Amino acid sequence: MRIEKKIKKPYKLKSLFVTIASSSVGLVNGLLGAGGGSLVVPLYESGMNLEAKKSHATAIATMLPSCIISGIIYLLNGNFDYVSGGIVTAGVILGGIIGSIILKFIKNDFLSLIFYFIMIYAGVKLLLPR
């Protein structure tokens, strides 16, 4: 079966929006070094009609190339602390493994609540004085 037949009509209608939104996500990720995943999850859920688990899993896979390229550029420009980065990377890898295993046991609605809570917490934390 040809791939064009597999793509649902709403995807084609939203392709311009998705292209602009996803380019913006890459821009934010490259500029800030983070945050792209938190923007691409709602894009997958609302713009592409994916369920929460698929949105989160697809977001991780989607952001990987952008993170690798941004990371290489940061390294080449001398904007990386090797000691701190090494320590945190070990924890992030361990947490990523545990989180991806736990994901299959969590319901979509509960996963969405966790995501929304973390986004609200992060937003409020950024607004408060340090």
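# Notebook: a chain of helices

**Entry 1. The surface patch.** I began on the outside, with a nonpolar surface patch of about 600 Å². Its makers are Leu64, Ile68, Ile69, Ile72, Ile73 and Leu76. I note here that the model is predicted. I then picked Ile72 from the patch and looked up its place. Ile72 sits in helix H5, which covers residues 52–76. Is Ile72 buried, partly exposed or exposed? Its relative accessibility is 42%, so I put it down as partly exposed. The cut-offs for that class are 20% and 50%.

**Entry 2. The overall fold.** Next I stepped back to the whole chain. How many helices and strands does the chain have? I found seven helices and zero strands. Along the sequence the pattern reads α-α-α-α-α-α-α. The chain has 130 residues, and 18% of them count as buried.

**Entry 3. The largest pocket.** I looked for pockets and took the largest. Its volume is about 1300 Å³. I recorded 41 residues in its lining. Which of them lie nearest the centre? They are Gly37, Ile60, Cys67, Val92 and Gly96.

I then asked which helices supply the lining with at least two residues each. My list holds H4 (36–47), H5, H6 (82–103) and H7 (108–127). H5 gives the most, with 13 residues. This is the helix that also holds Ile72 from my first entry.

I sorted the lining by residue type as well. It divides into 24 nonpolar residues, 16 polar ones and one charged.

**Entry 4. Pairs far apart in sequence.** I turned to H3 (residues 15–32), where Ser22 lies. Ser22 has a relative accessible area of 34%, so it is partly exposed. I checked Ser22 against Thr62, 40 residues away along the chain. Their C-alpha atoms are separated by 9.8 Å.

Val25 is also found in H3. Is Val25 buried or exposed? Its relative accessibility is 6%, so Val25 counts as buried. The cut-off for buried is under 20%. I paired Val25 with Met63, 38 residues apart along the chain. The C-alpha separation for this pair is 9.0 Å.

My third pair starts in H5, at Ala57. Ala57 is partly exposed, because its relative accessibility is 39%. Its partner is Ser100, 43 residues apart in sequence. From C-alpha to C-alpha, I have Ala57 and Ser100 at 8.2 Å in space.

**Entry 5. A backbone angle.** Last, I looked at a loop. Asn49 lies between H4 and H5. What is the phi of Asn49 near? I noted 60°, a positive value in a residue other than glycine. Asn49 counts as exposed, because its relative accessibility is 52%. The cut-off for exposed is over 50%.

**Entry 6. Looking back.** H5 turned up several times in my notes. H5 holds Ile72. It holds Ala57 too. H5 also gives the most residues to the lining of the largest pocket. The loop with Asn49 runs between H4 and H5.

Terms used. Residues numbered from 1 in each chain as written. Predicted model: local features only at pLDDT ≥ 70, side-chain atom pairs only at ≥ 80, totals over all residues. Heavy atoms only, no water. Patch = residues over 30% accessible without salt bridge, like charges linked within 9 Å, V, L, I, M, F, W, Y side chains within 5 Å. Areas by Shrake-Rupley, 256 points an atom, 1.4 Å probe, with all protein chains shown as cover. Salt bridge = Lys/Arg side-chain N within 4 Å of Asp/Glu carboxyl O. Helix = DSSP H or I, 4+ residues; strand = E, 2+ residues; numbered from the N terminus. Buried < 20%, exposed > 50% of the residue type's maximum accessible area, 1.4 Å probe, protein only. 1 Å grid on protein atoms, 1.4 Å probe; cavity = no way out; pocket = protein on both sides within 12 Å on 5 of 7 lines; lining within 4 Å. Points joined across faces, edges and corners; volume = space filled by probe spheres on them. Nonpolar A, V, L, I, M, F, W, Y, C, P; charged D, E, K, R; others polar.
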